[in-house]
Amino acid sequence: MPVTAVDSSEAHVGQVRAHADAPRALPMRVAVALAVTAGLALLLAFPPYGLWPLAPVGVALLATAVHRRRIRAGAGLGFLTGVALFAPMLSWTNLHTGYLPWVLLSLLQAGYLALLGAAAAYASPLADRFRAAWPALTAVLWVGQEALRDRTPFGGFPWGRLAFSQEDSPLLRLAALGGAPLVTFAVALTGGLLAAAAWRAGQLRGGAAGARRWAPVAGLTAAVLAVPGIGLLVPVGAARPGEAVTVAIVQGNVPRLGLDFNAQRQAVLNNHVDATVDLARQVAAGTQRRPDLVVWPENSSDIDPLRDASAGARISEAADAIDAPILVGAVLRGPGAGQVRNAGLMWLPGTGPDLAQLYTKRHPVPFAEYVPMRDIARMVSKEVDRVRADFVPGTEPGVLRTPSAVLGDVICFEVAYDEVVRDTVTGGAQLLVVQTNNATFDVAEARQQLAMVRLRAVEHGRPALMASTVGVSGFVAPDGRVSDATGFNTRAVVVREVRLADGRTLATRIGLWPEVALTAVAVAALAGAAVLRRRRATVGPQEQPRTG
């Protein structure tokens, strides 16, 4: 019994000693600078800049800034990072709606990084107790934050996920194994390794540490380089190559950019009809290949061609001229009074619309395609009244069948949502099609969206394409390479032979389970941190610095 008491006393002393020797938080002025720099580094990792190695650097800077901070300080630092990232990234949202909606959206998204900063600060004792786990802890907290942000509120807003910054990175290949959540995990893990290496080096700097004590820093640095190296080992490409088909993307352009791009709806439709008829002339002259399929973008016919005979006649003119099915992006009235649908509609030569091959957008954009709490939203911006009728969401995945291919159609921002895209592949899609309208935004937004298409192509081992009214449009191979990308605010038609794909990648098979598992680990880690905090409270005062 006395021996047990002695052992307990020694353990208590050891805990206090470990507590006293633990590294302290950085000075607040340094942490603030790191947090802001973290946001800017993350921003530069995304298109149109594309400096993807800066994404883990941004993660590392934020992880270092919030480590061993009080929860409120961690939240504040995370918020600074979020503002520095999202305010400039989402600046395309203020081009035509005014500053207030942009500011509110940016602050809302920054709030999720505030939660991340608070969580990382709260989990600091766990990172101190199990130093080797700090990088993985950082990674699962990022995945958990994105899982929450991608779904809340009003269905979430996944723009700015770490995975979408890696379009030219070796880490993109990991999407074939676990989708966007696994890519985010790998980016944040790399950042966590950087943070751990820098923190450990900071402890040793200035001391008389020998080479042996620097070995962990060298090991962490080597691991930073090893993670992208592992990505290079992942095979990517078509899950199971199929037949080749020729596909044409028609980018008809609009009379003018902005919210009133469709004020001349007939002109927008005419642009796409005329470009398709011109392509038909080139085919007849032998200067261009005949396509098996033509894809028009979202909003290429904002006049309902099922109810307006003249609009339907113009689309039939184009389909008959090119003698191929046209996937039309149309706004359809109904099903109820005052309701509309954002749809992809297959239009066949000779017979017209094939109503059996109709996809209605499943994830309309709040405050753009429908207005929740309209009276309150109107106080924020009267631009919401431009949405005169709320778009009704569809219920079925966008699996559309043509004589030459099975398409997986998603519309505009839907490409950012994992399950919306996956549902088309599990439904049999051989070619991913993203119909979008970037006329109310700018080229930065279009480039960011194309990066998402690239990830989806790798994730599901499918060829993909993005068809935009104004650009950027282009084809994406199953390994993520882009071909025939168009310019912005121009009329363009691109024709390319595409090899279809069947089969399923591992990411397609397991779906959202990697995200579920990693988020569960994040929750468990926070629970573990709570236990450690309670134990430490019985040992001695909180070791957080008074400045934090």
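Reader: What makes the six strands, 7-8-9-10-11-12, an open sheet?

Author: In this predicted model, the order runs 7-8-9-10-11-12, and there are two edge strands, strand 7 (399-401) and strand 12 (482-483), each pairing on one side only. An edge strand at either end of that order is what leaves the sheet open. The pairing across the sheet is mixed.

Reader: How do you know that strand 9 and strand 10 count as a pair?

Author: Two strands pair if DSSP finds at least two bridges between them. Strand 9 (residues 431-436) and strand 10 (residues 464-468) have 5 bridges, in the parallel sense, so they meet that cut-off. For one bridge you can look up yourself, take Leu432, whose partner in strand 10 is Ala464.

Reader: What makes you say that helix 14 packs on the sheet?

Author: Helix 14 (residues 443-460) touches strand 9, strand 10, strand 11 (474-476) and strand 12, where contact means heavy atoms within 4.5 Å. Its direction makes about 160 degrees with that of strand 10. Then there's helix 13 (residues 418-426), lying across strand 7, strand 8 (406-411) and strand 9 and running at about 165 degrees to strand 8.

Reader: Why are the 5 spaces in this structure called cavities?

Author: A cavity is a set of points where a 1.4 Å probe fits but cannot get out. The structure holds 5 of them at 30 Å³ or more. The largest has a volume of about 130 Å³, and the second largest about 70 Å³.

Reader: Which residues sit closest to the centre of the largest cavity, and which elements line it?

Author: Of its 16 lining residues, the closest to the centre are Ala63, Val66, Ala120, Thr138 and Leu141. Helix 3 (54-66), helix 5 (99-122), helix 6 (124-129) and helix 7 (134-149) each give two or more residues to the lining, with helix 7 supplying the largest share, 5 residues.

Reader: What makes the two linings polar, nonpolar or charged?

Author: It comes down to residue type. Around the largest cavity there are 12 nonpolar, 4 polar and no charged residues. Around the second largest, the split is 3 nonpolar, 3 polar and 5 charged. Among the residues lining the second largest cavity are Asp418, Glu419, Arg422, Glu459 and Glu515; Asp, Glu, Lys and Arg count as charged, so these five belong in that class. Gly178, Gly179 and Gly511 also line it, and Gly counts as polar. Helix 8 (175-204) and helix 13 each supply at least two residues of this lining.

Reader: How do you know that the peptide bond from Thr152 to Pro153 is cis?

Author: Its omega is near -20 degrees. Pro153 is in the loop between helix 7 and helix 8. There's also a cis bond joining Gly471 and Val472, with omega about 5 degrees, and Val472 sits in the loop between strand 10 and strand 11.

Reader: What makes Arg68 worth a look?

Author: Its phi is near 65 degrees, a positive value in a residue other than glycine. Arg68 lies in the loop between helix 3 and helix 4 (71-89).

Reader: Where does the pLDDT fall under 50?

Author: Residues 1-22 stay under 50, with 7 contacts beyond four places in sequence. Residues 542-548 are also below 50, and that stretch has 22 contacts beyond near neighbours in sequence. The protein chain averages 90, and 89% of the residues score at least 70.

Key:
Residues are numbered from 1 along each chain as its sequence is written. This is a predicted model: local features need pLDDT of at least 70, side-chain atom pairs count only at pLDDT 80 or more; totals for chains, interfaces and linings use all residues. Side-chain values use heavy atoms; hydrogens and water are left out. Helices (H or I, at least four residues) and strands (E, at least two) are DSSP runs, numbered from the N terminus. Axes are lines fitted to C-alpha atoms, for helices over the stretch in contact, and angles run from 0 to 180 degrees between N-to-C directions. On a 1 Å grid over the protein atoms alone, a cavity is a set of points where a 1.4 Å probe fits but cannot get out, and a pocket is an open set with protein on both sides within 12 Å along at least five of seven lines; lining residues have an atom within 4 Å of a point. Grid points are joined across faces, edges and corners, and a volume is the space filled by probe spheres set on the points. pLDDT is the predictor's confidence in each residue, from 0 to 100.
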